[in-house]
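Please examine the following model together with its sequence. The paragraphs after it proceed from the sheets to the cores and then to the surroundings of the ligand.

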Amino acid sequence: PGTIITIDGPSASGKSSVAQRVAAAIGLPYVSSGLLYRGATYQVQRYRVNPEDEAAILATLEAHPIQLLPRPEGNRLLAEGQDITEQLHTREVDAMVSAVSKHKRVRQYVYQRLRELSPPFVVEGRDMGSTVFPDATRKFYLTARPEVRALRRVPERNAEYETVLQEILRRDQADRAQLAPAPDAVLVDTSEMGIDDVVRTILERIPY
Ligand code: CDP
């Protein structure tokens with residue numbers, strides 16, 4: 001009943017699609033933690049807050065809260081009751097999200113939103129297994145070579161391969177503090193795997 005499956009990994013490692021499909025296969029909701037960081041970043045941009053000003057970011061989130069709806073067909077993010085999900089996967093948000101999410105109190109704000117959700121669920125992010133849900137039932141960590149991740153992301157952003165690759169490398173570097181896999185996570189290198197193989201690999205290791 002309290003089952004929590006964590007799926008972590010760097011940008012464009014396939015976490016979101018994999019988590020969504022694993023969750024559907026075992027009949028659990030899935031939760032995207034990155035959407036909360038993206039939503040926080042959207043508010044920072046909307047209210048023209050300095051992304052280095054931790055106190056101002058927190059004040060903005062208190063005054064203009066965000067809410068995650070873990071819908072099985074795709075998580076939705078509400079800001080002040082308005083669905084802003086479609087605005088969150090842009091290069092503008094990509095470019096600022098690491099700066100916003102590096103702040104300790106921003107992370108605590110997101111952790112709190114995540115811990116309010118009641119299990120069972122499948123949750124994806126960077127530090128779900130290592131920090132937020134250390135007692136999770138099963139933990140997975142997806143990796144892939146940066147070049148492969150860039151190739152996967154090109155169709156999702158309107159940009160050249162080289163640009164996307166540089167942006168991915170920059171975000172890996174900026175996110176490195178929360179990118180270490182939990183010691184008890186199963187590592188899956190997806191560089192040479194299709195999504196079906198990744199999903200199958202995970203399902204084989206889940207007690208369902
Ligand atoms: O797939 P991609 O990594 O591009 O997007 P995401 O999972 O939505 O994460 C976006 C950003 O949110 C990351 O680059 C991190 O800066 C931050 N993030 C984080 O710090 N911790 C998490 N658990 C999830 C996301």
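Across which strands does H1 lie, and at what angle does H1 run to S6? H1 lies across S1, S2, S6 and S7, and its direction makes about 175° with that of S6. Helices (H or I, at least four residues) and strands (E, at least two) are DSSP runs, numbered from the N terminus. Axes are lines fitted to C-alpha atoms, for helices over the stretch in contact, and angles run from 0 to 180 degrees between N-to-C directions. The model is a predicted one: local features need pLDDT of at least 70, side-chain atom pairs count only at pLDDT 80 or more, and totals for chains, interfaces and linings use all residues. Residues are numbered from 1 along each chain as its sequence is written.

The strands under H1 belong to an open sheet of five strands in the order S2-S6-S1-S7-S8, with parallel pairing; two strands pair if DSSP finds at least two bridges between them. At the edges stand S2 and S8 (186–189), each of which pairs on one side only. Neighbouring strands of this sheet are turned by 20° against each other on average, direction ignored. S1 and S7 run parallel and are joined by four bridges. Within this pair, Ile7 is opposite Phe140 of S7, and Asp8 has Tyr141 of S7 as its bridge partner. S7 is in turn paired with S8 in the parallel sense, again over four bridges, and here Leu142 faces Val188 of S8.

The next topic is the packing of nonpolar residues. A nonpolar core is a set of buried Ala, Val, Leu, Ile, Met, Phe, Trp, Tyr and Cys residues joined through C-beta atoms within 7 Å. A residue is buried if 20 or more other C-beta atoms lie within 10 Å of its own, exposed if 12 or fewer, and partly exposed in between, with C-beta atoms placed from the backbone. The largest core has 26 residues, of which Val18, Val22, Val122 and Leu142 touch the most other members. Two or more residues each come from strands S1 (4–8), S2 (30–32), S6 (121–125) and S7 (138–143), and from helices H1 (15–26), H6 (128–132) and H9 (195–203). H1 contributes the most to this core, namely four residues. Residues up to four places away in sequence aside, Val122 touches Ile5, Ile7, Ala19, Val22, Ala23, Leu28 and Tyr30; such a contact requires C-beta atoms, placed from the backbone, within 7 Å. Another core lies apart from this one and has 18 residues, including Ala40, Val49, Leu77 and Leu88.

Leu77 leads to a second sheet. This open sheet has three strands in the order S3-S4-S5, paired in the antiparallel sense, and its edge strands are S3 and S5, each pairing on one side only. H2 packs on the sheet and touches S3 and S4, with its direction at about 150° to that of S3. S3 (residues 66–69) and S4 are antiparallel and joined by four bridges, with Leu68 opposite Leu77 of S4. The two form a hairpin with six residues between them, and Gly74 in the turn has a positive phi of about 145°. Between S4 and S5 (residues 82–83) there are two bridges, and Leu78 has Asp83 of S5 as its bridge partner. Here the hairpin has two residues between its strands, with Glu80 in the turn at a positive phi of about 50°. Side chains alternate along S4 (residues 76–79): Leu77 and Ala79 point to one face and are buried, whereas Arg76 and Leu78 point to the other and are not.

The ligand comes next. Around the ligand are 16 residues, of which Ser11, Gly34, Tyr37, Gly125 and Arg126 come nearest; a residue is near a molecule if its C-beta atom, placed from the backbone, lies within 6 Å of it. Helices H2 (33–46) and H4 (91–101) are the elements that give two or more residues to this shell, and H2 supplies the largest share, four residues.

Finally, Asp172 is placed in helix H8 (residues 161–174). Asp172 counts as partly exposed because it has 15 C-beta neighbours inside 10 Å. Apart from neighbours within four places in sequence, Asp172 is in contact with Pro10 and Ser11. The C-alpha atoms of Asp172 and Pro10 are separated by 6.6 Å, although the residues are 162 apart along the chain.

Technical notes. Two residues are in contact if their C-beta atoms, placed from the backbone, lie within 7 Å.
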